[in-house]
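Open your viewer and get comfortable. This tour goes one selection at a time, with a short note on what you will find at each stop.

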Amino acid sequence: MTLSSKLSDPRLFRQYAYVDGKWTHGEGGREEAVFDPATGEALGHIPWLEAHQITAAVDAAEAAFVHWRALRADERCERLLAWYDLLQAHREDLATLMTLEQGKPLPDARGEVEYGASFVRWFAEEGKRTFGETIPSHIPNAALGTIKEPVGIAALITPWNFPLAMITRKAAAAMAAGCTVIVKPAGETPFSALALAELAERAGIPAGVFNVVLGDPPEVSRILCAEDRVKALSFTGSTRVGRLLLEQCANTVKRVSLELGGNAPFIVGPDMDPREAAFAAVAAKFQTAGQDCLAADRILVHESIHDAFVGHFAERMAALTVGNGLESEIDLGPLIHRQAVEKAAAIVDDAISKGATLVAGDQSQAPGENFFMPVLLTGVTHDMKIWHEESFAPVAGITAYADDDQVIEMANDTEYGLAAYIYTHDIRRIWKIMRALEFGMVSVNSVKMTGPPVPFGGVKHSGLGREGGVTGIDEYLETKYYCLGALGSVSGS
Ligand SMILES: NC(=O)c1ccc[n+]([C@@H]2O[C@H](COP(=O)([O-])OP(=O)(O)OC[C@H]3O[C@@H](n4cnc5c(N)ncnc54)[C@H](O)[C@@H]3O)[C@@H](O)[C@H]2O)c1
Ligand SMILES: N[C@@H](CC=O)C(=O)O
């Protein structure tokens with residue numbers, strides 16, 4: 001059965017790049033297969049564009065920018081809202097596509113479509129509120145102020161773990177600001193991006209405003225980063241690649257936004273009900289099979305409730321079902337590919353060899369070669385990979401701590417600074433720990449922390465800038481200051 005036959009609208013499945021409003025094949029004959037990580041079956045193929053075709057996408061975005069930026073904000077809003085409506089109308093097909101190429105369970109994929117669409121609606125509205133300011137003048141007879149203007153073409157490079165929402169959180173902000181965009185999705189999950197392009201076209205987004213290029217990742221990124229006409233780069237992905245791209249953007253002095261890796265601590269205070277906290281920790285760890293930048297990687301539990309917490313965690317973890325995300329009642333789908341499984345196994349082996357205890361996690365039960373059964377390790381310490389590396393896998397590491405100062409030190413003992421969780425009802429402890437944590441986002445007594453109104457982003461090596469919220473659109477705007485002199489009548493006003 002082909003992929004398109006699983007969709008009620010088969011035209012959402014596209015195996016071409018999308019440049020200047022046209023479905024585009026590669027001119028050099030290079031292509032890449034895209035696999036269903038659950039079954040290993042090839043879902044389809046995507047072309048790799050040649051260097052001159054990437055440059056042609058920049059030409060198209062440049063030409064489209066002239067007209068797109070000239071529209072009124074409310075006109076851009078109307079088109080983005082039409083796109084939002086289409087995303088909602090095709091939610092089921094978009095979720096099916098996503099589960100097939102990414103592996104996450106269908107209900108999670110539906111949730112991501114909803115989440116991704118919510119950024120389009122949010123920024124459609126925010127585009128109407130890109131206010132400048134009036135500045136009381138210190139210059140006689142002058143009026144001073146600022147205007148917000150779109151930066152120009154934005155290149156958006158995105159990962160495979162959230163194949164739709166990571167694009168819309170960037171693209172909707174950029175497009176609402178009046179920018180045109182060139183999206184380079186992950187090669188593992190291009191079909192969600194191409195379905196977005198199909199729906200953008202149907203929504204009346206003009207040719208050249210939303211482009212999707214496909215190709216060899218280092219080659220495409222080098223071209224986009226070196227292009228002076230590309231004024232902003234927004235990247236979501238690993239810290240390793242983020243650093244490379246930051247370097248590559250130096251010559252053209254681009255605006256760079258980076259949403260990079262995480263290694264979230266999950267802190268449980270002594271006053272917590274261990275069962276309630278353990279169930280929350282399981283949810284924070286195993287969403288998207290642990291392939292989430294917000295995944296609770298280091299679970300730090302007060303020594304007084306540690307053993308009870310571990311018992312409840314193991315009990316809840318044992319109830320998780322692992323399988324093909326298209327089947328019903330599945331909690332964890334496959335990992336994205338075999339290398340991810342091997343990396344997870346290496347992290348577990350490293351921890352055990354350095355003294356961690358394997359409480360649960362029997363890989364002989366895995367239902368396929370890309371699957372990894374949830375693992376629970378206790379006694380994880382600073383010298384283990386699991387402490388420092390983002391496992392991006394369903395591997396939970398628990399450690400006991402003695403007091404607040406110790407847990408703050410443990411939590412901050414990482415190069416990452418994206419998100420952290422605190423579970424306690426002691427308001428003084430919450431305030432002390434929350435202020436001391438070196439993380440861009442801290443969630444207290446809640447697993448869910450994201451959504452369009454929040455400024456999403458990290459500190460330290462987790463990134464630069466913020467996405468979403470009222471400031472997310474600023475990543476795509478320049479502030480132009482003006483001084484209107486010799487006006488005569490305004491002095492002193
Ligand atoms: N902070 C956030 O908002 C956030 C959200 C989702 C994922 N992530 C992070 O993304 C990572 C997982 O995604 P991934 O494995 O796709 O990341 P990745 O860095 O390997 O790839 C991200 C993108 O960069 C491209 N790429 C890969 N190698 C490249 C190279 N050498 N030069 C140029 N481009 C290259 C990929 O094709 C992809 O489009 C994790 O570290 C995760 O924490 C962060
Ligand atoms: N869950 C994150 C994506 C991280 O991988 C989000 O909400 O943006």
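Which side-chain N or O atom lies 2.6 Å from an oxygen atom of ligand 2: whose residue is it? Select Tyr115, whose side chain has an N or O atom at that 2.6 Å distance from an oxygen atom of ligand 2. A polar contact here means a pair of N or O atoms within 3.5 Å; within protein, one must be able to donate a hydrogen and the other to accept it, and residues adjacent in sequence count only if both atoms are side-chain atoms.

Before moving on, some ground rules. This is a predicted model, in which local features need pLDDT of at least 70 and side-chain atom pairs count only at pLDDT 80 or more, while totals for chains, interfaces and linings use all residues. Residues are numbered from 1 along each chain as its sequence is written, chains are lettered from A and ligands numbered from 1 in the order in which they are written, and side-chain values use heavy atoms, with hydrogens and water left out.

**Stop 1: ligand 2**

Stay with ligand 2 and add Asn161, which has a side-chain N or O atom 2.8 Å from an oxygen atom of the ligand. Then add Asp292: here a side-chain N or O atom is 3.0 Å from a nitrogen atom of ligand 2. The protein buries 96% of the 260 Å² that ligand 2 exposes when taken alone; such areas come from the Shrake-Rupley method with a 1.4 Å probe, and for residues only the protein chains shown count as cover.

Now show the whole shell, meaning residues with a heavy atom within 4 Å of the ligand. Select Tyr115, Asn161, Phe162, Met166, Arg169, Asp292, Cys293, Leu294, Thr450 and Phe456. Color them by class and you get six nonpolar, two polar and two charged residues. In this scheme Ala, Val, Leu, Ile, Met, Phe, Trp, Tyr, Cys and Pro are nonpolar, Asp, Glu, Lys and Arg are charged, and the others, Gly among them, are polar.

Next, color domain 1 (4-261 + 457-480) and domain 2 (264-415 + 419-444); both give residues to this shell, so ligand 2 lies between them. The domain bounds come from an automatic or database domain assignment.

**Stop 2: ligand 1**

Keep the domain colors on and center on ligand 1. Its shell also takes residues from domain 1 and domain 2, so ligand 1 lies between them. How many residues surround ligand 1? There are 29, and the closest are Thr158, Lys184, Ser238, Leu260 and Glu390. By class, the shell holds 17 nonpolar, eight polar and four charged residues.

Pick out three side chains for their polar contacts. Lys184 has a polar side-chain atom 2.6 Å from an oxygen atom of ligand 1. For Trp160, a side-chain N or O atom is 2.8 Å from a ligand 1 oxygen, and for Arg169 a polar side-chain atom is 3.3 Å from one. The protein covers 89% of the 840 Å² of accessible area that ligand 1 has on its own.

Now switch to cartoon and highlight α5 (165-177), α7 (217-226), β10 (230-236) and α8 (239-248): each supplies at least two residues of the ligand 1 shell. Helices (H or I, at least four residues) and strands (E, at least two) are DSSP runs, numbered from the N terminus.

**Stop 3: Glu259 and the annotated domain**

Select Glu259, which UniProt lists for "active site" in an unreviewed entry. UniProt positions are given in the numbering used here, feature names are shortened, and annotations may be inferred rather than shown by experiment. Glu259 sits in strand β11 (residues 255-259). Is Glu259 buried or exposed? Glu259 counts as buried because its relative accessibility is 4%; buried means under 20% relative accessible area, exposed over 50%, and partly exposed in between (1.4 Å probe, protein chains only).

Then select residues 23-481, where UniProt's unreviewed entry places "domain: Aldehyde dehydrogenase". Over that range the chain is 39% helix and 20% strand, with the end C-alpha atoms 40 Å apart.

**Stop 4: a few residues elsewhere**

Go to Asn324, in the loop between α10 (306-318) and α11 (338-353). Asn324 is buried, at 17% relative accessible area, and a polar atom of its side chain lies 2.9 Å from the backbone nitrogen of Leu326.

In helix α10, select Arg316, which counts as partly exposed at 30% relative accessibility. Add Ala283: the two are 33 residues apart in sequence, and their C-alpha atoms are 9.5 Å apart.

Finish at Gly458, in the loop between β18 (441-444) and β19 (463-464). Gly458 counts as buried, at 3% relative accessibility.
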